[in-house]
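Open the model in your viewer and keep the selection box handy. We'll go from stop to stop, with something to select at each one.

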Amino acid sequence: MNKSYQVLEGAEPFYFKGSEVGVLISHGFMGTPQSMRFIGEELARYGYTVLGVRLKGHGTHYQDLETCTHEEWFESLENGYHELKKQCKRIFVIGQSMGGTLTLKLAHKYPEIKGIALINPALDVPMYENFKDATQPRFVMEGKPDIHMKNVDEITYEYAPIKSIQELQKVMETTPALLSSIQCPVLGINSAMDHVVPPRYTDYIIDHIGSDKKEKVVLPNSYHVASMDYDKEKIVESCHHFIQQQSNKTLVHQ
């Protein structure tokens, strides 16, 4: 029987009730909803209904993460989508890093999604390359989160399980084949400097996705965890503008 782990304080999912336009938000690998909370709160002030999910095994303990599969991470996002669908007629999805990868898979499975925004989406993480077929060590010590702004505390794990890294690699490797069949509008947002995921992957997605409507925004002053960095307001503005373009409505920040 698996040990039960408590969700860390501040790492809980978030939900803000608003209009019939829903925004589903996903954090990345090793992160928690906390990393995306500013984006969610600010979009909620425009009147959207916003749900930030917690991917299984995240925001508890790294030994909890070790037991999870990438299918379970996707299921966490998918469950959030179905929850939001009960209340919203139109749904947009925003994902950061691996959250962006999972967002692409969700858009592939559910073509009715009205648009997706991808923040530094991950198709490869070069620093994990050596662990692809490794069995040791069981856990890899992680460095500080890749954030340009000083004195920002992201809730994350000190260690990454090898098994979890390999699950991340599986989901990244299978995603490019889905791109040509994804038809919904896409907004690609990448940091000019990212020490975790090369910015070229955002370009690759934009170039290969099947969408007719695609935009790209570059963040000049942020690193990988851009949702907690200097350009976080720009992310909010870009996502709001993108959603408005697809919704043909004007909402004002409250």
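Which residue in strand 4 is the bridge partner of Leu24? Select Val93 and you have the partner of Leu24. Before going on, keep in mind that this is a predicted model, where local features need pLDDT of at least 70, side-chain atom pairs count only at pLDDT 80 or more, and totals for chains, interfaces and linings use all residues. Residues are numbered from 1 along each chain as its sequence is written, and side-chain values use heavy atoms, with hydrogens and water left out.

**Strand 4 and its neighbours**

Now select residues 90–96, which make up strand 4. Helices (H or I, at least four residues) and strands (E, at least two) are DSSP runs, numbered from the N terminus. Seven of the seven residues here are buried, so strand 4 is largely enclosed by the rest of the structure; buried means under 20% relative accessible area, exposed over 50%, partly exposed in between, with a 1.4 Å probe and protein chains only. Colour Arg90, Phe92, Ile94 and Gln96 for one side, then Ile91, Val93 and Gly95 for the other: both faces are covered.

Add strand 2 (residues 21–26), which pairs with strand 4 in the parallel sense over six bridges. Two strands pair if DSSP finds at least two bridges between them. Strand 5 (residues 115–119) is also a parallel partner of strand 4, over five bridges, and there Phe92 stands opposite Gly115. To get from strand 4 to strand 5, follow the chain through helix 4 (residues 98–109); this β-α-β crossover is right-handed, meaning that with the strands pointing away from the viewer, the path from the first strand over the helix to the second runs clockwise.

**The whole sheet**

Zoom out. Seven strands form an open sheet, in the order 1-3-2-4-5-8-9, with mixed pairing. At the edges stand strand 1 and strand 9 (214–219), each with a single partner strand, so one side of each lacks a neighbour in the sheet. Select strand 8 (residues 186–191) next: four bridges join it to strand 5, running parallel, and Gly188 stands opposite Leu118.

**Helices on the sheet**

Show helix 1 (37–44). It lies across strand 1, strand 2, strand 3 and strand 4, at about 10° to strand 1. Axes are lines fitted to C-alpha atoms, for helices over the stretch in contact, and angles run from 0 to 180 degrees between N-to-C directions; contact means heavy atoms within 4.5 Å. Pick out Ile39, Gly40, Glu42 and Leu43, which are buried in helix 1. The buried residues of helix 1 pack against elements including strand 3 (49–53) and helix 7 (232–247).

**Aromatic stops**

How many aromatic pairs does the structure hold? There are eight, counting rings of Phe, Tyr and Trp (its six-membered ring) with centres within 6.5 Å; planes under 30 degrees apart count as stacked, over 60 as edge-to-face and the rest as tilted. Select Phe29 and Tyr128 for an edge-to-face pair, 6.1 Å centre to centre with 85° between the planes. They sit 99 residues apart, Phe29 in the loop between strand 2 and helix 1, Tyr128 in the loop between strand 5 and strand 6 (139–141). Phe29 is buried at 13% relative accessible area, and Tyr128 is buried at 5%. Add Trp73 to complete one aromatic cluster with Phe29 and Tyr128.

Last, go to Tyr46 and Tyr48, both buried.
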